[in-house]
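Me: I'm new to this one, so could you take me through it slowly? I'll ask as we go.

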Amino acid sequence: MGRRIPLNEDEFVGADAARFYDEHARRFMGPAYRRFAKKAAGMNLSGNRVLDVGTGSGLLAIELARARSDWQITGIDISEEMLKIARQNAARSGLADRIDFRQAPAAALPFPDGSFDLVASHASLHLWKDPLAVFKEIARVTSPGGYCLLWDNLRLAAFLPFLILLGVAMGMNSAQRRLWLQAVRSSYTLGEARAIIKESAIKDARVIFILAFFMLGVAWRKH
């Protein structure tokens, strides 16, 4: 599968990086965000409080708000520059009144226990310095009977040449293709993800392969 090459989440905090990643996400991540939001909307939640961990420029939070008109979304990110763009995107979408963006690290969520009925995250796991600490926080802020739904890239070394060709076909420039490949190389295999989950506070979560986007999925319900 090839050795994992971690990325540093601190590299994503600057204004230039925020603009670059926002453009990349808007151009290429829409189908994955919409499918994720549709999956989340089908969950039988007992409440309407949703947390998006690693919200970036807020595009997933917006899709979650569109998917369920009764949901109130909170998005957290370590980058205030990202959050500035997220607030602008939410305002343009007409959903700013239903999405609250806050600066916070995923490993130290500034919310009381049981604050959210759904904790969501998309393409963020591979950036976490301490996944076990983040999962502990996710378990803490999830309400009894609440859910965690997480998707991330899947590291499949054999598919890297295919991803390069796919990036070209999608119209990615060289910098965008490089970002995508870096993200994949820094991600986990299914086996690695399952080992992390087994050690974590959500050890009974289900880890699956999502064929449509060559991603891994984690689904967990707090009992």
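Reply: What follows goes through a helix pair, some salt bridges, one arginine and two loop residues, and it should be read with the caution that the model is predicted.

Me: Okay, helices to begin with. At what angle do the axes of H1 and H4 cross?

Reply: Helix H1, which covers residues 15-28, and helix H4, which covers residues 80-93, have axes that cross at roughly 45 degrees and come within 8 Å. Angles under 35 degrees count as roughly parallel and 65 to 115 as roughly perpendicular, and H1 and H4 are therefore oblique to each other.

Me: And is the crossing of H1 and H4 left-handed or right-handed?

Reply: The crossing in which H1 passes H4 is right-handed.

Me: Which residues meet there?

Reply: From H1 the residues are Ala-15, Ala-17, Ala-18, Arg-19, Tyr-21 and Asp-22, and on the H4 side they meet Glu-81, Met-82, Ile-85 and Asn-89. Sorted by character, the residues of this contact between H1 and H4 comprise six nonpolar, one polar and three charged.

Me: Glu-81 is charged, I guess. What does Glu-81 form a salt bridge with?

Reply: Glu-81 pairs with Lys-84 in a salt bridge whose closest N and O atoms are 3.5 Å apart. Both residues belong to helix H4 and sit three residues apart, which is about one turn of the helix. Glu-81 counts as partly exposed because its relative accessibility is 27%, and Lys-84, with a relative accessible area of 41%, is partly exposed as well.

Me: Why would side chains pair up like that?

Reply: In general, side chains of opposite charge can pair when their charged atoms come close.

Me: How many salt bridges does the structure hold?

Reply: There are 10 salt bridges in the structure. One of them is formed by Arg-87 with Glu-80, with the closest N and O atoms 2.7 Å apart. Arg-87 has a relative accessibility of 34% and so counts as partly exposed, while Glu-80, at 27%, counts as partly exposed too.

Me: Any others worth a look?

Reply: Arg-102 and Asp-100 also bring their side chains together in a salt bridge, at 2.8 Å from N to O. Arg-102 is partly exposed with a relative accessible area of 36%, and Asp-100 is partly exposed with 33%. Elsewhere, Asp-113, Glu-137 and Arg-140 are joined into one network by salt bridges that share partners.

Me: Changing topic: where is Arg-35, and what is Arg-35 in contact with?

Reply: Arg-35 is placed in helix H2, which spans residues 30-41. If its neighbours within four places in sequence are left aside, Arg-35 is in contact with Trp-151, Ala-212 and Phe-213. With a relative accessibility of 42%, Arg-35 counts as partly exposed. Its C-alpha atom is separated by 20 Å from that of Ala-183, a residue 148 places away along the chain.

Me: Last thing, the loops. What is the phi of Ala-123?

Reply: Ala-123 is not a glycine, and yet its phi is positive, at about 55 degrees. Ala-123 lies in the loop that runs between strand E4 (116-122) and helix H5 (131-141), and at 24% relative accessibility this residue counts as partly exposed.

Me: And what about Phe-214, where is that found?

Reply: Phe-214 is in the loop between strand E6 (206-210) and strand E7 (215-221). Its phi is near 50 degrees, again a positive value in a residue other than glycine, and with a relative accessible area of 24%, Phe-214 is partly exposed.

Conventions:
Residues numbered from 1 in each chain as written. Predicted model: local features only at pLDDT ≥ 70, side-chain atom pairs only at ≥ 80, totals over all residues. Heavy atoms only, no water. Axes fitted to C-alpha atoms, helices over the stretch in contact; angles between N-to-C directions. Helix = DSSP H or I, 4+ residues; strand = E, 2+ residues; numbered from the N terminus. Parallel < 35°, antiparallel > 145°, perpendicular 65-115°, else oblique. Left-handed = near helix turned anticlockwise from the far one by under 90°. Contact = heavy atoms within 4.5 Å. Nonpolar A, V, L, I, M, F, W, Y, C, P; charged D, E, K, R; others polar. Buried < 20%, exposed > 50% of the residue type's maximum accessible area, 1.4 Å probe, protein only. Salt bridge = Lys/Arg side-chain N within 4 Å of Asp/Glu carboxyl O.
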